[in-house]
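Visitor: Before any discussion begins, may the sequence and the structure be placed on view? A guided account, moving from single residues to the whole chain, would be welcome.

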Amino acid sequence: ITNTDDLEQMTPGLQFGTGGGQGTTIRGISSRLWQTTHADQAVAFYVDGVYSYTLDGVAPDMFDVDRVEVARGPQGTLHGRNSIAGAISFFPKRPTDYLEANALVEVTNQVTERYNIAFGGPVFSWLRFRVTAGMEYGDGAFENIGDGPDAGKPDEQFIFPQLRIKNSWMDINIRYTENEDH
């Protein structure tokens, strides 16, 4: 599974909406005014156990994600009142005890380019780091012959640095998220 389309295909009853559409649906339940108001959504998103209104805390196309859990609803007991349809939990990869690197380069038939990289490892016996970064840009799906940008034109950059302090009595992971989507 490398993007939300794959996740949608592999999970029965899950459907991701478009930015101006009906939002994410699990078993036919969704929020009608998704991204229009700040009301509780029918499907709750979590990144490392922290509630997120959107998928902005997840790397685009799920690059460098360790696992995804989809819990069909209602999930009010585990995930609060805003998960009547269910909850989707994303768990990004954390810094590890060994050096590692991962890269992705993608060029599509719509002249879209995507470059992602993740690397990290130990600094000291008790300190580890990981940096995930990337960018995606391209011409878009449809050329706009008037004023304004082309339809579906991606222009996004992100960086997610992490520090992990781990010893025999504690395990603390600190993650910063910066995502710009124009």
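Visitor: Is Met 135 buried, partly exposed or exposed?
Guide: The model shown is predicted. Buried means under 20% relative accessible area and exposed means over 50%. Met 135 has a relative accessible area of 37%, so this residue is partly exposed.

Visitor: In which strand is Met 135 found, and how many residues of that strand are buried?
Guide: Met 135 belongs to strand S9. That strand is mostly covered. Of the twelve residues of S9, the number buried is nine.

Visitor: Which residues make the nonpolar surface patch of about 470 Å²?
Guide: Two elements give two or more residues each to the nonpolar patch, namely strand S7 (100-107) and strand S9 (127-138). The patch, with an area of about 470 Å², is made by Val 105, Val 107, Tyr 115, Met 135 and Tyr 137.

Visitor: Which residue is the bridge partner of Gly 120 in S9?
Guide: Strand S8 (residues 112-122) runs antiparallel to S9, and eleven bridges join the two. A hairpin of four residues leads from S8 to S9. Within S9, Gly 120 has as its bridge partner Arg 130.

Visitor: Which residue of S10 is the bridge partner of Phe 129?
Guide: S9 also pairs with strand S10 (residues 155-166), in the antiparallel sense and over eleven bridges. In S10, the partner of Phe 129 is Leu 163.

Visitor: Which strands stand at the edges of the open sheet with the order S4-S3-S6-S5?
Guide: This open sheet has four strands with mixed pairing, in the order S4-S3-S6-S5. An edge strand has a single partner strand, so one side is left without a neighbour in the sheet. The strands in that position are S4 (50-52) and S5 (65-72).

Visitor: By what angle are neighbouring strands of the sheet S4-S3-S6-S5 turned against each other on average?
Guide: The sheet in question is the open one with mixed pairing. With direction ignored, its neighbouring strands are turned against each other by an average of 25°.

Visitor: Which residue in S4 stands opposite Phe 45?
Guide: Strand S3 (residues 43-47) and S4 are antiparallel partners, paired over three bridges. Opposite Phe 45, in S4, stands Ser 52.

Visitor: Is Asp 48 buried, partly exposed or exposed?
Guide: Asp 48 lies in the loop between S3 and S4. Although this residue is not a glycine, Asp 48 has a positive phi of about 55°. Its relative accessible area is 24%, so Asp 48 is partly exposed.

Visitor: Is Asp 64 buried or exposed?
Guide: Asp 64 is placed in the loop between S4 and S5. Asp 64 is not a glycine, yet has a positive phi of about 65°. The cut-off for burial is under 20% relative accessible area. At 6% relative accessibility, Asp 64 therefore counts as buried.

Visitor: How many helices and strands does the protein chain have?
Guide: From the N terminus on, the elements run α-β-β-β-β-β-α-β-β-β-β-β-β-β. The chain thus described has two helices and twelve strands.

Visitor: What percentage of the area exposed by the protein chain do carbon and sulfur atoms supply?
Guide: Of the 182 residues in the chain, 37% count as buried. The chain exposes about 10,900 Å². Of this area, the part supplied by carbon and sulfur atoms is 54%.

How values were computed. Residues numbered from 1 in each chain as written. Predicted model: local features only at pLDDT ≥ 70, side-chain atom pairs only at ≥ 80, totals over all residues. Heavy atoms only, no water. Patch = residues over 30% accessible without salt bridge, like charges linked within 9 Å, V, L, I, M, F, W, Y side chains within 5 Å. Areas by Shrake-Rupley, 256 points an atom, 1.4 Å probe, with all protein chains shown as cover. Salt bridge = Lys/Arg side-chain N within 4 Å of Asp/Glu carboxyl O. Buried < 20%, exposed > 50% of the residue type's maximum accessible area, 1.4 Å probe, protein only. Pairing = 2+ DSSP bridges. Axes fitted to C-alpha atoms, helices over the stretch in contact; angles between N-to-C directions.
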